[in-house]
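Here are some short exercises to work through with the model open beside you. Try each task before reading its solution.

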Amino acid sequence: MQDLLNKIPLGVRQLIEAMQAAGFECHIVGGCVRDLLAGVEPSDWDAATNAAPEQIRAIFPDSYADNDFGTVRVRMPQNAAGDFLEIEATPYRVESKYTDKRHPDKVEWADSIKDDLSRRDFTVNAIAMGYIKEGGKINIDIIDLFGGRDDLKNKIIRAVRDPDERFLEDALRMMRAVRFAVSLGPDWRVEEKTMRAIAANSRWLKMVSQERIRDEFAKIVMADRGVEGIEILRQTGLLEHIIPEMLEGVGCGQNKHHIYDCYAHLLKSFEFAVAKKFNFHVRMASLLHDIGKPRAKSGEGPNATFYNHEIIGARLAKKILERMKFSKKDIAKIVLLVRYHLFYYNVGEVSEASVRRLVRNVGSENLEELLQVRMADRIGSGCPKAEPYKLRHLRYLMEKTALDPIDPKMIKVNGKDVMEVLNIAPGPKVGQILEILLARILNDPRSNDRDYLLGEIKRLGGLGDNELARIALDAKKQKNEVEIKRDQMTKRKYWIV
């Protein structure tokens, strides 16, 4: 028990002691207790007490009310070094009927921690922990009324008491059950009775706000077992009320280039993105990139076609993401990746100009994510390699075209400066001098100083025409050698021979 006590931050212990000194009960509850008992460092801290909100604020004058449920945010020291953390302290409460399947019709304060724990969602989140000082000794007090510690040990998500009642109180709890099962670690699962209740009540998810659905869905997408999460959502009927468009791909066969139906292909692509720990935008784009295929399909069998499915998919993705209230920035990025994931590229067939157009359409800052979606798409199609030679070659061309060209624009003087310093008209001499100066700064970038270069223009202008032409020719050869060397280095970077 001493080990548990040592893991509780200083401020949390001080909050409990201050509440007890004022004559109130106080326990830490919910996810922080679950994580402590599982050996995981909690990311936030929640406390429950028999004190009313105004009594909590009287004990901690700098605190402030946070929501309609009486929660008070208390700022406490985190450690002896002077860091601080915020703790949410909420009165014990019981909740009445949930007419809208989202919020209790009214919230009433309760007298005991037992009543408070009884209204919580899952057994592993319905454990309370406090401590009592007796004769200078501190004893940890753990209250577990519903077998949460056993479920924690066995990695089971089980609803507190009747799962139907818990889900009718707040339909989002069904998604939370899935999210906990796939994010708490390997081998976690939803208990069978709880799973059946999710399937039986899945239709009530439509009563939940899109913002709350979005937040839970994003957490599932980012979980290490996110693929299992999406499939559980489908099996329980929840996906129908989140992204029903994905279900259009179930049983929708593809063509000779694919070995999975449209839905399974999306899931396999997403699986690769999760395994590679790609970011949220890439994971979402991998999950949605071919969502337009069922609506674009023409014909059946190995020669079926899906013309413009990437355009249809981009429109659908935008509609889905807007419906789920994602930010404009997230929507723009994900839709862009869906729209351009089908870019055409074969070595020897696509010019550098085409690559520049792709870069211009997508934006250089999005290229890596676009290539990651393409790799996920390939694996999702049953291809053995995520990044074959032609994709490496494309990376090489993208970097090559992105490099600043080696030309006189790099110099801090120009042709007009040459003509003014030497008092000459436009002609070959201007270009020759600039070629020589370019070679100079390639050898020594520090020489790209305007005053120095103006002096060099004057000196070079005094050379004879033949001498100047010879030096300019040598300078041009030197520039070509630098370009060849730079290109070779870029090719080696991407294993291009």
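## Exercise 1: a strand and its partners

Two bridges connect strand β3 (residues 64-65) with β4, and the two strands run antiparallel. Keep in mind that this is a predicted model.

**Task.** Find which residue of β4 is the bridge partner of Ala65, and work out which side chains of β4 point to the buried face.

**Solution.**
- Step 1. Start from Ala65 and cross to β4: the bridge partner there is Val72.
- Step 2. Look at the link between these strands. β3 and β4 make a hairpin with six residues between them, and in its turn Gly70 has a positive phi of about 85°.
- Step 3. Walk along β4 (residues 72-77), where the side chains alternate. Val72, Val74 and Met76 point to one face and are buried, whereas Arg73, Arg75 and Pro77 point to the other and are not buried.
- Step 4. Move on to strand β5 (residues 84-91), which is antiparallel to β4 and joined to it by six bridges. Met76 stands opposite Leu85 of β5.
- Step 5. Check the second hairpin, that of β4 and β5: there are six residues between the strands, and Gly82 takes a positive phi near 100°.

## Exercise 2: the cysteines

**Task.** Say how many disulfides a search of the whole structure finds, and explain why Cys252 has no such bond to Cys262.

**Solution.**
- Step 1. Recall the chemistry: a disulfide is a covalent bond that joins the sulfur atoms of two cysteines.
- Step 2. The search of the whole structure gives zero disulfides.
- Step 3. For Cys252, the closest cysteine sulfur is that of Cys262, at 3.8 Å, so the two are too far apart for a bond. The cut-off to apply is within 2.5 Å.
- Step 4. Now add burial. Cys252 has 10% relative accessibility and counts as buried; Cys32 is buried too, with a relative accessible area of 0%.

## Exercise 3: salt bridges

**Task.** Of the 31 salt bridges found in the whole structure, take the one between Asp121 and Arg176. Which parts of the chain does this pair link?

**Solution.**
- Step 1. The side chains of Asp121 and Arg176 meet at 2.9 Å, N to O.
- Step 2. Place the two residues: Asp121 is in the loop between α5 (113-118) and β8 (127-134), while Arg176 is in helix α8 (residues 172-183). They are 55 residues apart, and the pair links distant parts of the chain.
- Step 3. Asp121 counts as buried at 8% relative accessibility, and Arg176 counts as partly exposed at 22%.
- Step 4. Widen the view: Asp121, Arg176, Arg179 and Glu216 are linked in a network of salt bridges.
- Step 5. Turn to a pair within a helix. Glu169 and Arg166 form a salt bridge of 2.7 Å, N to O, and both lie in helix α7 (residues 163-169), three residues or about one turn apart.
- Step 6. Glu169 is buried, with a relative accessible area of 15%, and Arg166 is buried at 6%.

## Exercise 4: an arginine in a helix

**Task.** Decide whether Arg214 counts as buried or exposed, and list its contacts beyond four places in sequence.

**Solution.**
- Step 1. Locate Arg214 in helix α10 (residues 210-222).
- Step 2. With 18% relative accessibility, Arg214 counts as buried, because buried means under 20%.
- Step 3. Beyond its neighbours within four places in sequence, Arg214 is in contact with Met324, Lys325 and Phe326.
- Step 4. Finally, the side chains of Arg214 and Asp215 are joined by a polar contact of 3.0 Å.

Terms used:
Residues are numbered from 1 along each chain as its sequence is written. This is a predicted model: local features need pLDDT of at least 70, side-chain atom pairs count only at pLDDT 80 or more; totals for chains, interfaces and linings use all residues. Side-chain values use heavy atoms; hydrogens and water are left out. Buried means under 20% relative accessible area, exposed over 50%, partly exposed in between (1.4 Å probe, protein chains only). Helices (H or I, at least four residues) and strands (E, at least two) are DSSP runs, numbered from the N terminus. Two strands pair if DSSP finds at least two bridges between them. Contact means heavy atoms within 4.5 Å. A polar contact is a pair of N or O atoms within 3.5 Å; within protein, one must be able to donate a hydrogen and the other to accept it, and residues adjacent in sequence count only if both atoms are side-chain atoms. A salt bridge is a side-chain nitrogen of Lys or Arg within 4 Å of a carboxyl oxygen of Asp or Glu.
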